[in-house]
Amino acid sequence: MSKLTEKRRVVIPVRAGDVMAEFISFDGDDSGKEHIGIFFEGTNSEKNDIPLVRLHSECLTGDVFGSGRCDCGEQLDEAIDRINQEGGYILYLRQEGRGIGLYSKLDAYALQDQGYDTYQANEMLHLPEDGRDFGIAAEMLKAVGVTQLRLLTNNPDKAKQLMEHGIDVAELVPTKVHMNQHNRQYLETKAKRKHHTLKFD
Ligand SMILES: Nc1nc2c(ncn2[C@@H]2O[C@H](COP(=O)(O)OP(=O)(O)OP(=O)(O)O)[C@@H](O)[C@H]2O)c(=O)[nH]1
Ligand SMILES: [Zn+2]
């Protein structure tokens, strides 16, 4: 039994009205974070029975402003495109800065400008390298009735944590590698330190 339940579903036409998405709120999360589920029905005529799902951790700089320091904005765009076609969910998790928050992420960026890598910078601030708990995502999935999925990610920890919380990850679907001159070291560090898959086309 999930401790979360669906609260409300509202249809929002996104991408200037080209894409219909259902935004889902939840009851039962006492953390005070407003995590959002976004459902896409899928436009492909032949659909896989298993939904495609992305767990996307909030990144204000990347998602809203298209920051080149990370790949979050491009990954979110890619996820909307693919999941709108194939059908499934984006879980937009309010875990800014891998859980440390926006102000601390800016502090970590300042340290990265002095030469520390993305994980060292968090440690220098006495914060966890990655403070995210994807258990809440598993609860959200159970609340919307999803217990088996294909996961759109390059981060093996997301799949591991979902499986530990009773979700069957039937397939890992890698995202494209959105690399530029500003985020190369960030991406390469994730691959080296946390075994993210960087699959070039
Ligand atoms: N602390 C910190 N957080 C960062 C930095 N760069 C990006 N982030 C955060 O990292 C998170 C990235 O989230 P995701 O794209 O969902 O996850 P991921 O672990 O990269 O895995 P993928 O599913 O492969 O994209 C966001 O919350 C960003 O705000 C950084 O240099 N320091
Ligand atoms: Zn980002």
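**Close-up views of a predicted model**

**View 1: Asp-130, a buried residue.** Asp-130 has 20 C-beta neighbours inside 10 Å, which is why it counts as buried (20 or more other C-beta atoms within 10 Å; 12 or fewer is exposed, in between is partly exposed; C-beta atoms are placed from the backbone). The model is predicted, so local features need pLDDT of at least 70 and side-chain atom pairs 80 or more, while totals for chains, interfaces and linings use all residues. Residues count from 1 along each chain as its sequence is written, and chains are lettered from A and ligands numbered from 1 in the order in which they are written. Asp-130 sits in the loop between helix H4 (118–124) and helix H5 (135–143) (helices are DSSP runs of H or I, at least four residues, and strands are E runs of at least two, numbered from the N terminus). Its contacts, skipping residues up to four places away in sequence, are Arg-98 and Gly-99 (C-beta atoms, placed from the backbone, within 7 Å).

**View 2: Arg-132, in the loop between H4 and H5.** UniProt, in an unreviewed entry, lists Asp-130 and Arg-132 under "active site" (positions use the numbering here, feature names are shortened, and annotations may be inferred rather than shown by experiment). Is Arg-132 buried or exposed? Arg-132 is buried, because 20 other C-beta atoms lie within 10 Å. Leaving out residues up to four places away in sequence, Arg-132 touches Ser-57, Gln-95, Arg-98 and Gly-99.

**View 3: The cysteines that UniProt marks as "binding site".** That annotation, again from an unreviewed entry, covers Cys-59, Cys-70 and Cys-72. Cys-70 is found in the loop between helix H1 (60–64) and H2, whereas Cys-72 lies in helix H2. Cys-70 counts as buried because it has 22 C-beta neighbours inside 10 Å, and Cys-72 is buried with 21 other C-beta atoms within 10 Å. Not counting neighbours within four places in sequence, Cys-70 meets Cys-59, Gly-62, Asn-183 and Tyr-186. On the same basis, Cys-72 is in contact with Cys-59, Gly-62 and Asp-63.

**View 4: The residues around ligand 1.** Which of the 23 residues around ligand 1 come nearest? They are Ser-57, Cys-59, Thr-153, Asn-154 and Asn-155 (a residue is near if its C-beta atom, placed from the backbone, lies within 6 Å). Two or more residues of this shell come from each of strand S4 (52–57), helix H2 (72–86), helix H3 (102–112) and H4.

**View 5: An open sheet of seven strands.** Reading across, the order is S1-S2-S3-S5-S4-S6-S7, and the pairing is mixed (two strands pair if DSSP finds at least two bridges between them). Strand S1 (5–14) and strand S7 (168–173) are at the edges with a single partner strand each, so one side of each has no neighbour in the sheet. From one strand to the next, the twist averages 30 degrees (axes are lines fitted to C-alpha atoms, for helices over the stretch in contact; angles between N-to-C directions run from 0 to 180 degrees).

**View 6: Helices H2 and H6 on the sheet.** H2 packs on the sheet and touches strand S2 (19–27), S3, S4, S5 and strand S6 (148–152). The direction of H2 makes about 160 degrees with that of S4. Helix H6 (residues 156–164) lies across S4, S6 and S7, at about 170 degrees to S7.

**View 7: The antiparallel neighbours S1 and S2.** How many bridges join S1 to S2? There are nine, and Val-14 has Val-19 as its bridge partner in S2. S1 and S2 form a hairpin with four residues between them, and Arg-15 in the turn has a positive phi of about 50 degrees.

**View 8: Ile-38, with bridge partners in S2 and S5.** S2 and S3 run antiparallel, joined by three bridges, and here Phe-23 is partnered with Ile-38 in S3. Strand S3 (residues 36–40) also runs antiparallel to strand S5 (residues 88–93), with five bridges. In S5, Ile-38 has Ile-90 as its bridge partner.

**View 9: Val-53 in strand S4.** Val-53 is buried, since 27 other C-beta atoms lie within 10 Å. Not counting residues up to four places away in sequence, Val-53 touches several residues, including Tyr-89, Leu-91, Val-146 and Leu-151. Val-146 is 93 residues apart from Val-53 along the chain, yet their C-alpha atoms are separated by 9.7 Å.

Technical notes. Two residues are in contact if their C-beta atoms, placed from the backbone, lie within 7 Å.
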